[in-house]
Amino acid sequence: MKRRSFLGNIALVSALTTTEGSAQQSEPFLHEKKPQETLTADLIVAGGGLGGCAASLAALRDGLNVILTEETDWLGGQISQQGVPPDEHQWIETHGAPKAYRDFRDAIREYYIKHYPLTDEAKSRKYLNPGDGAVSRICCEPRVAVSVLNEMLAPYLSSGRLSLLTEHKAVSAEVQGNRVKSLDVVSTRTGRRVTLSAPYFADATELGDLLPLTGTEFVTGTESKAETGELHAPEKGNPDNVQAFTMCFAIDYRPGENHVIEKPAEYDFWRSYVPKMTKPWSGRLLDLAYSNPKTLEPKTLGFHPEGIKTGDALNLWLYRRIISRQNFTPGTYAGDITIVNWPQNDYMLGNLIGASEKDFRKHVDRAKQLSLSLLYWLQTEAPRPDGGKGWPGIRLRKDIMGTDDGLAKYPYVRESRRIKALFTIKEEHVGAANREMAVANGAPGDKTKAATFSDSVGIGYYHIDLHPSSAGDNYIDFASLPFQIPLGALLPIRMENLLPANKNIGTTHITNGCYRLHPVEWSIGEAVGLLVKFALEKKVAPGKVRKDKGLLEGFQGFLVGEGVELEWI
């Protein structure tokens, strides 16, 4: 029997949610004490983001017992603890995601209708968007998403079929051959250590933390063109080169008031900081300009906290607005509320994947300083249309993020460890230009459509969107095609009972750019939860489901019956 431990990094995110719930660190716990408790289930899901919740809900509604762990005190991952309204495709209201995901979105709307004083017009709107933000058709408050997820899980908690361990972090695993036997988690509040045992484990953590714990083969960063043959891959790969992460925050605007924060300790650094990139940035990071993601030419942005049009430039205030006061009865809100997840607070100076506790803490703290510096700059120096500088009435809404410092509970992570999978999705399968080249060179299929996967377990769509990276790459942003999620990308090359349920599937650095968004993460998680149910029922390994045509067809029929779409119509 072999035991793999990850003891040196327990506090990496161990205290992500103290009472304040922010990405703060505490003293590391003593890890070698014997577990105080052992819990068993059919499925252990580590990570309570959208993928983890989807995997849990899918398994639970089909009769399995589940243990779900989460490092923070909020479920929801990207949409809640990280503060990011869902990035989705234009068909999301009618198709292109599982029924369960659309039910989740509908439940968010119903929550507002039931609990908030909406105007009659907003209440009657079929596709209510509480914030009317430009980035999403359902921009909502993080806390509402958390409430809806808690409601969806409540019956299973009550019945005892779900055990929910919030503020718990995985620290070690017991592995025998190609199977995980158990996982140890530690409470970040009390230090209590619990052993979790099950036939199946899902890694839905934000950084793919279970992969090194269990010895599951994985890759990180960029692959070279020689490795993948991808059109946009670099000539030389770099496992440490990953996309920027962001510490998001929420603000509103109170005209005539002064809510200017104390000058951040690193403000002078960030005020003058110019990102160093192989293809140059537009200038200073704290400015109303950035690199156009598609052309990399300088592009002007606008900003007006009253939502007033800023010429032809995008008003950043409207971009990720989560509350539009116009949707609520007069007097409910003095102004709008918006999320700041902009090019200006993307943190590019470090990589969180595999970082030591010290480095993780350093980069999160510096990313917080960047975000607070952006806020201070908006309050004191941002250019106004009247020729003045600064908007002192901008107020940091700490309550929206549920933290004392007003910043998200966890970094918005765009890139994770990725399993070495039985099948790896490459740019030639989903990238518009690369797909056309592949078909011209003899690949089967239609050059105007993504590759067809006979083992499809879901579908999704987003353009390939890679943010500036820790090694100095500027944006990589180009067209993709509506795609399928192949089962082979969810199966590690060796491990039999560990499945990825977040951004850690078998993609490349390039294709991660379109498989990392909210509805796709949910689709991945749901497929994993249903795969575990099917494998247990048929008494076969997940790999066997893919290999055996009859089993695969049976599983795909099961998915369709559960409301999962397998191909684009």
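The following exercises, each with a worked solution, concern the overall form, a helix contact, the cavities and the pockets of a predicted model.

**Exercise 1. Overall form**

Determine whether the radius of gyration of the chain agrees with that of a compact globule.

Solution.
- Begin with the extent of the chain: along the principal axes, its C-alpha atoms fill a box of roughly 70 × 60 × 50 Å.
- Next, take the secondary structure, which amounts to 16 helices and 24 strands.
- Finally, compare the radii. A compact globule of 569 residues would have a radius of gyration near 25 Å, and the chain has 23 Å, so the value agrees with a compact globule.

**Exercise 2. The contact of α1 with α14**

Describe the geometry of the crossing of helix α1 and helix α14, and identify the residues that meet there.

Solution.
- Locate the helices: α1 covers residues 50-61 and α14 covers residues 518-538.
- Consider the axes, which come within 7 Å and cross at roughly 35 degrees. The crossing of α1 past α14 is right-handed.
- List the residues on each side. From α1 come L50, G51, A54, A55, L57, A58, A59 and R61; their partners in α14 are H518, E521, W522, G525, E526, G529 and L530.
- Sort the contact by class: eight residues are nonpolar, four are polar and three are charged.

**Exercise 3. The enclosed spaces**

State how many cavities of 30 Å³ or more the whole structure holds, and characterise the lining of the largest cavity and of the second largest cavity.

Solution.
- The search of the whole structure yields two cavities of 30 Å³ or more.
- The largest cavity encloses about 150 Å³. Its lining comprises 18 residues, and G47, E70, E71, T205 and E206 are the closest to its centre.
- Assign this lining to elements: β4 (66-70) and β6 (168-176) are those that give two or more residues. The largest share, three residues, belongs to β6.
- By class, the lining of the largest cavity has five nonpolar, eight polar and five charged residues.
- The second largest cavity has a volume of about 70 Å³. Its lining consists of L207, V242, Q243, A244, F245, G350, N351, L352, I353, V413, R414 and E415.
- In the second largest cavity the lining divides into seven nonpolar, three polar and two charged residues.

**Exercise 4. The open pockets**

Give the volume of the largest pocket and of the second largest pocket, and describe which residues lie nearest the centre of each.

Solution.
- The largest pocket has a volume of about 590 Å³.
- Of the 27 residues in the lining of the largest pocket, Y319, Y462, H463, D465 and D477 lie nearest its centre.
- The classes in this lining are 14 nonpolar, four polar and nine charged residues.
- For the second largest pocket, the volume is about 310 Å³.
- Its lining is made of 14 residues, with K449, A450, T452, P482 and W568 nearest the centre.
- The lining of the second largest pocket contains six nonpolar, four polar and four charged residues.

Conventions
Residues are numbered from 1 along each chain as its sequence is written. This is a predicted model: local features need pLDDT of at least 70, side-chain atom pairs count only at pLDDT 80 or more; totals for chains, interfaces and linings use all residues. Side-chain values use heavy atoms; hydrogens and water are left out. On a 1 Å grid over the protein atoms alone, a cavity is a set of points where a 1.4 Å probe fits but cannot get out, and a pocket is an open set with protein on both sides within 12 Å along at least five of seven lines; lining residues have an atom within 4 Å of a point. Grid points are joined across faces, edges and corners, and a volume is the space filled by probe spheres set on the points. Helices (H or I, at least four residues) and strands (E, at least two) are DSSP runs, numbered from the N terminus. Ala, Val, Leu, Ile, Met, Phe, Trp, Tyr, Cys and Pro count as nonpolar, Asp, Glu, Lys and Arg as charged, and the others, Gly among them, as polar. Axes are lines fitted to C-alpha atoms, for helices over the stretch in contact, and angles run from 0 to 180 degrees between N-to-C directions. A crossing is left-handed if the near helix is turned anticlockwise from the far one by less than a right angle, and right-handed if clockwise. Contact means heavy atoms within 4.5 Å. The radius of gyration is taken over C-alpha atoms; the globule rule is 2.2 Å times the number of residues to the power 0.38.
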